[in-house]
Amino acid sequence: MDEQLTLAQALANLSDLAPEIWQASAETGLMLAIGLSVAIVVGGPLGILLYLTQPGQLFANRAVNGVVGWFVNLVRSFPFIILMVSLVPLTRLLVGSTIGPIAAAVPLSFAAIPYFARLVEQTLREIPRGVIEAAEAMGASPAQIIWKVLLGEARAGLISSLTILTISFLSYSAVAGVVGGGGIGDLAIRYGYYRFQTEVMVAMVLLLVVIVQIIQFAGNHLAARLDKR
Amino acid sequence: MIHLKNVHKRFRRPEGGWFDAVRDTTLHIKAGEIFGLIGFSGAGKSTLLRLINLLERPDHGSVNVDGRDLTGLSAAELRRARQNIGMVFQQFNLMANRTVAANIAFPLEIAGWSRADIDARVAECLDIVGLADRAGHYPAQLSGGQKQRVGIARALAPRPHVILADEPTSALDPKTTQSILDCLQDINARFGVTVVIVTHEMHVIRSICHRAALLDAGEVVELLEVTDKQVAARSALAKSLLEVA
Ligand SMILES: Nc1ncnc2c1ncn2[C@@H]1O[C@H](COP(=O)(O)OP(=O)(O)OP(=O)(O)O)[C@@H](O)[C@H]1O
Ligand SMILES: [Mg+2]
């Protein structure tokens with residue numbers, strides 16, 4: 001039948017869309033880059049704090065651990081779409097607009113902070129207590145213990161955590177995109193769903209599949225190289 | 001060298017109430033000796049050892065090492081004092097992502113040594129424990145005995161006056177045990193490092209210790225003297241430990 005025609009047509013349509021696909025990929029990249037950076041810079045230390053304030057750890061502190069843990073759970077229990085809507089005022093305040101990838105990065109970052117904090121906390125828990133104690137016995141300062149022992153020993157797990165975070169937030173960024181953030185998910189919905197150009201939808205999903213595979217592969221590879229256990 | 005005066009340590013029981021792990025204990029360990037802490041499981045040996053470098057803080061009593069009262073030091077001063085007290089662990093507690101050389105370098109990095117000094121000292125320590133050919137290996141690539149040698153080299157690296165060892169051979173087979181004990185004895189003899197070693201085996205005491213304290217229920221119940229690898233025991237508890245050995 002005219003299947004081949006359709007395929008040729010589809011490819012032609014896609015190639016016409018190439019500039020927009022590039023644009024969408026760049027937007028997705030920007031949303032992720034901002035969200036992940038904030039997650040690392042804010043969520044990372046928060047995760048370390050969660051870990052160190054646990055009972056039996058270096059800075060065991062029930063109150064701090066309770067409050068931080070409660071906050072992390074609170075943010076994480078919001079469905080992302082609701083978090084996004086409720087953060088609209090904050091987004092407007094910070095970015096001056098609620099449209100575009102930078103605006104979408106605000107709720108993404110907000111959700112990524114506690115997510116990454118928990119991942120970091122879980123990863124650090126795998127370090128044997130005795131190794132940290134050995135460093136204490138050698139006269140290491142808290143900063144030295146954090147930088148040299150915790151991060152050094154957990155580095156492979158931290159890379160794996162970052163891989164998980166990146167992949168989760170690739171899909172969150174698609175949601176954020178639909179509500180005005182742009183990006184690959186937004187493109188898929190606009191053409192594929194609203195204009196019935198199924199080939200665009202399929203192509204965008206395939207693109208996301210490929211990106212996820214690449215991220216996972218790179219993450220696994222790096223983690224394996226860093227892990228000497 | 002090490003003076004524990006009336007040190008007392010109690011722990012909160014998970015089910016409520018308190019447990020006295022070390023009871024009002026006084027102990028003097030001389031410079032340059034290998035001193036054993038022996039007793040059955042739960043006697044308080046590890047707790048007493050950990051009181052010496054203040055990994056456990058006594059509820060009362062004083063801990064004096066090398067002429068300094070550790071309990072009165074600030075956090076920063078205590079960290080410096082700890083660089084003078086090496087520690088060796090039953091489970092080795094090496095950093096898995098660091099090579100053998102980098103593990104031994106760790107306490108020197110902490111103490112702020114220069115790279116050149118660190119490299120020289122690490123090479124020296126690797127030689128002392130006989131692992132010069134393993135510098136670039138990771139702990140996962142070593143046998144238990146080799147891991148413990150790294151642990152000893154790490155403890156020795158900052159030229160401490162004291163090394164504390166908590167059952168350093170309990171995870172090892174008898175032959176490896178002997179080689180690790182010989183290694184500790186060698187270090188004591190060559191560098192005059194005071195060694196405090198926790199064990200539940202009289203064999204360890206006979207083999208390398210000059211003196212030992214027998215602990216029971218958080219108290220020193222007998223001081224044991226070792227002469228010609230023989231332990232003179234008076235208490236029934238000490239005799240029972242001798243029989244096991
Ligand atoms: N951090 C802690 N919290 C609560 N109880 C503790 C703690 N550390 C030790 N104890 C208790 O104190 C007692 C003495 O412990 P310690 O580890 O000093 O004994 P040990 O003589 O070294 O025994 P083992 O031969 O089994 O190592 C034990 O009953 C133990 O349960
Ligand atoms: Mg013990």
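## Ligand shell and chain contact in a predicted model

The shell around ligand 1 divides into 4 nonpolar, 7 polar and 1 charged residues. The model that shows this shell is predicted. The residues around ligand 1 are Phe11(B), Phe19(B), Ala21(B), Gly39(B), Ser41(B), Gly42(B), Ala43(B), Gly44(B), Lys45(B), Ser46(B), Thr47(B) and His200(B). Two elements of chain B, β2 (18–29) and α1 (45–52), give two or more residues each to this shell. The largest share, 3 residues, comes from α1(B).

Chain B also meets chain A, in a contact that takes 19 residues from chain B and 18 residues from chain A. On the side of chain B that touches chain A, at least two residues are supplied by each of α2 (75–82), β6 (85–89) and α3 (100–110) of chain B. The residues of that side divide into 10 nonpolar, 5 polar and 4 charged.

The two sets of chain B residues are set out by class below.

| Set of residues | Nonpolar | Polar | Charged |
|---|---|---|---|
| Shell around ligand 1 | 4 residues | 7 residues | 1 residue |
| Side of chain B that touches chain A | 10 residues | 5 residues | 4 residues |

Chain A has 10 helices and 0 strands, and from the N terminus on its elements run α-α-α-α-α-α-α-α-α-α. The C-alpha trace of chain A spans about 75 × 40 × 25 Å along its principal axes. Of the 229 residues in chain A, 37% count as buried. Among the contacts in chain A with a separation of 6 or more, 71% are accounted for by residues 24 or more positions apart.

Technical notes: Residues numbered from 1 in each chain as written. Chains lettered and ligands numbered in written order. Predicted model: local features only at pLDDT ≥ 70, side-chain atom pairs only at ≥ 80, totals over all residues. Near = placed C-beta within 6 Å. Helix = DSSP H or I, 4+ residues; strand = E, 2+ residues; numbered from the N terminus. Nonpolar A, V, L, I, M, F, W, Y, C, P; charged D, E, K, R; others polar. Contact = placed C-beta atoms within 7 Å. Buried ≥ 20, exposed ≤ 12 C-beta atoms within 10 Å, placed from the backbone.
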